[in-house]
Amino acid sequence: MKLSFRWYGEPDPVKLEYIRQIPNMHSIVTAIYDVPPGGVWSRQAIAQLKQRVEQAGLAFEVIESVPVHEDIKLGLPSREEYIANYQENIRRLGEAGVKCICYNFMPVFDWTRTQLDYPLADGSTALVYHKEQLEKMDPLTGELSLPGWDSSYQKQELQALIGQYEQLGEEQLWENLAYFLRAVIPVAEQSGVMMAIHPDDPPWGIFGLPRIITGEQNLDRFLGLVDSPNNGLTFCTGSLGCTPQNDIYHMLDKYCAMGRVHFVHARNVKWTADGGFEESAHFSQCGSLDMVRILGILHRHGFAGYLRPDHGRMIWGETGRPGYGLYDRALGASYLNGIWETLEKTQKKG
Ligand code: DNO
């Protein structure tokens, strides 16, 4: 297991130098943020980022994300150019030593929550998804803006885009995903890069948009689209595990056995009675997921991929990017280290 930590580049209030001080930290998970989706990342920008991360004593091996342009998801003729650009990014990142690229195939909106500063009983705040709040949200009329959302769309453009996806439907989205994978996975193979799709978060359709990377059946289908080890998963415990309908322990075991889990986002969520969830501290008893069981499965399979603590609460008065402060993620990292060390010292692998 290679412990890693997400960093949003120089503007991130969490400094690389602080991340370095977390025990056992191996690598930084980051991206080039100033190129719009679909563009090519310059070799110079990649080299600078690599140098900056390595100078801080950390490895530059995981990118999250290289975004997939909407035209690829929609299967428009312009996808050819964007796919060629995507292939070029994989080549360039591979040349720079990147081993794993995390991406998603969610139409329009990335991860979605209904509140980013929900007060928990202990006085911290967390990201939550409450169904009754979601029902009141309308991306076309509301003022709402969440970090996972692309704020560059005008309301009219957004309306047109949502309309295009409604027409497209799930099956065609699968087709477009297969088309994309058939083009990029061979390049990833040649470049020594593991592609690791992030599950849809939450794993169900929102605002009438189709979502397909949601549960076991669909992940099986996804892995079968291109049967290559380079066509793999980011196993996000909090995304897949935010509904008890997903048996994440069984799924993790199965996909590890297949050698298709390259990256793990380890976080905990607490299911709520309305079918939604609240993000909690990593500690098992704080949420609905059993972190010892999750790491135990990874350990049994000799997991040598990347794992990062995921969203944290805001604690100790920290302010900053919701879910991505330093303190609670660092607590999460230390807790995950503790579980892993115990497993190393007490369990046999294989
Ligand atoms: C949320 C993240 C996601 C993830 C993308 C991957 O915190 O896990 O935004 O980075 O979906 O493309």
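## Two helices side by side

Helix axes here are lines fitted to C-alpha atoms over the stretch in contact, and the angle between two of them runs from 0 to 180 degrees between their N-to-C directions. With that in hand, take helix 4, which covers residues 79-95: its axis and the axis of helix 6 come within 9 Å and cross at roughly 15°. Angles under 35 degrees count as roughly parallel, so helix 4 and helix 6 are roughly parallel to each other. Their crossing is right-handed. Keep in mind as you look around that this is a predicted model.

Which residues make the contact? Helix 4 brings I83, Y86, Q87, I90, R91 and G94, while helix 6 brings F180, A183, V184, V187, A188 and S191. Sorted by type, the residues of this contact come out as eight nonpolar, three polar and one charged.

## A closer look at R91

R91 sits in helix 4 and is one of the residues that helix 4 puts into the contact with helix 6. Once you skip its neighbours within four places in sequence, R91 is in contact with V187 and S191. Is R91 buried or exposed? Neither label fits: R91 has 15 C-beta neighbours inside 10 Å, so it counts as partly exposed.

There's also a long hop along the chain to notice here. R91 and G192 are 101 residues apart in sequence, yet their C-alpha atoms are separated by 8.9 Å.

## The largest nonpolar core

The largest nonpolar core has 84 residues, and the members that touch the most others are C100, I101, V184, V193, M195, A196 and L252. Which helix gives the most to this core? That would be helix 6, residues 155-191, with eight residues. You've already met V184, which is also part of the contact between helix 4 and helix 6.

L252 is worth a click too. Setting aside its neighbours within four places in sequence, L252 is in contact with F235, V261, I294 and I297.

## The start of helix 6

K155 belongs to helix 6. With 11 C-beta neighbours inside 10 Å, K155 counts as exposed, because the cut-off for that label is 12 or fewer. Between the C-alpha atoms of K155 and T141 the separation is 7.7 Å, and these two residues are 14 apart along the chain.

## Some unusual backbone spots

Most residues other than glycine have a negative phi, and most peptide bonds are trans. A few places in this model go the other way.

Start with the peptide bonds. E64 and S65 are joined by a cis peptide bond, with omega at about -5°. S65 lies in the loop that runs between strand 3 (59-64) and helix 3 (70-74). A cis bond also leads from D201 to P202, this time with omega near 0°. You'll find P202 in the loop between strand 7 (194-197) and helix 7 (216-225).

Then there's phi. V108, which isn't a glycine, has a positive phi, near 60°. V108 is in the loop between strand 4 (100-103) and strand 5 (115-119), and it is partly exposed, with 18 other C-beta atoms within 10 Å. F207 also has a positive phi, near 50°. Where is F207 found? Look in the loop between strand 7 and helix 7, which is where P202 lies as well. F207 is partly exposed, with 17 other C-beta atoms within 10 Å.

Methods
Residues numbered from 1 in each chain as written. Predicted model: local features only at pLDDT ≥ 70, side-chain atom pairs only at ≥ 80, totals over all residues. Core = buried A, V, L, I, M, F, W, Y, C linked by C-beta atoms within 7 Å. Buried ≥ 20, exposed ≤ 12 C-beta atoms within 10 Å, placed from the backbone. Helix = DSSP H or I, 4+ residues; strand = E, 2+ residues; numbered from the N terminus. Contact = placed C-beta atoms within 7 Å. Parallel < 35°, antiparallel > 145°, perpendicular 65-115°, else oblique. Left-handed = near helix turned anticlockwise from the far one by under 90°. Nonpolar A, V, L, I, M, F, W, Y, C, P; charged D, E, K, R; others polar.
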